[in-house]
Amino acid sequence: MAYHTVNLEQNYPTANQATVRLSQELRLAKTGRKRALKIIHGYGSSGKGGTIKIAVHRMLGEKKRSGFIRHYVAGENFTAFTNDGRKAVELCPELKQDADFSRQNDGITIVIF
């Protein structure tokens with residue numbers, strides 16, 4: 001499989017704990033030559049957007065600017081109808097078969113290496 005899934009919301013971590021784990025998972029996926037990483041971060045129990053999601057997107061923005069990752073797309077944009085979604089599938093075609101493709105799932109993010 002060209003991509004791996006990691007569940008950051010498992011065991012209800014703090015945003016800081018989740019980003020530490022994400023950093024480890026990003027390194028493992030990249031050194032393991034995975035083309036993509038699907039991150040399950042949830043959307044927050046209040047329905048207003050979780051702190052883990054915000055922290056994940058902040059970290060991924062930094063990783064993209066530094067060149068560590070090529071691209072990332074929030075779940076709500078992981079569809080053929082957005083530029084980010086099309087770019088993700090272009091870079092890793094296997095993602096088109098993912099169960100969350102075109103589901104606008106606010107609780108996930110896709111990372112492309």
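Colleague: What makes the contact between the side chains of K38 and D100 a salt bridge?

Modeller: In this predicted model, the N to O distance between K38 and D100 is 2.6 Å. A lysine nitrogen within 4 Å of a carboxyl oxygen of Asp meets the criterion, so the pair qualifies. K38 lies in strand β2 and D100 in the loop between α3 and β4, so the salt bridge ties together parts that are 62 residues apart in sequence.

Colleague: Why are K38, D98 and D100 described as one network?

Modeller: K38 also forms a salt bridge with D98, with the closest N and O atoms 3.0 Å apart. Salt bridges that share partners join K38, D98 and D100.

Colleague: Which term, buried or exposed, applies to K38 and D98?

Modeller: Both K38 and D98 are buried, a term that requires under 20% relative accessible area. D100 is buried as well.

Colleague: Why is R35 called partly exposed?

Modeller: R35 has a relative accessibility of 34%. Partly exposed covers the range between under 20% and over 50%, so that value falls in this class. E94, at 33%, also counts as partly exposed.

Colleague: How do you know that R35 and E94 form a salt bridge?

Modeller: Their closest N and O atoms are 3.3 Å apart, and the cut-off is within 4 Å, so the pair is accepted. The pair links distant parts of the chain, 59 residues apart: R35 sits in the loop between α1 (15-31) and β2 (36-40), and E94 in the loop between α3 (83-91) and β4 (108-112).

Colleague: How many salt bridges does a search of the whole structure find?

Modeller: The search finds 5.

Key: Residues are numbered from 1 along each chain as its sequence is written. This is a predicted model: local features need pLDDT of at least 70, side-chain atom pairs count only at pLDDT 80 or more; totals for chains, interfaces and linings use all residues. Side-chain values use heavy atoms; hydrogens and water are left out. Helices (H or I, at least four residues) and strands (E, at least two) are DSSP runs, numbered from the N terminus. Buried means under 20% relative accessible area, exposed over 50%, partly exposed in between (1.4 Å probe, protein chains only).
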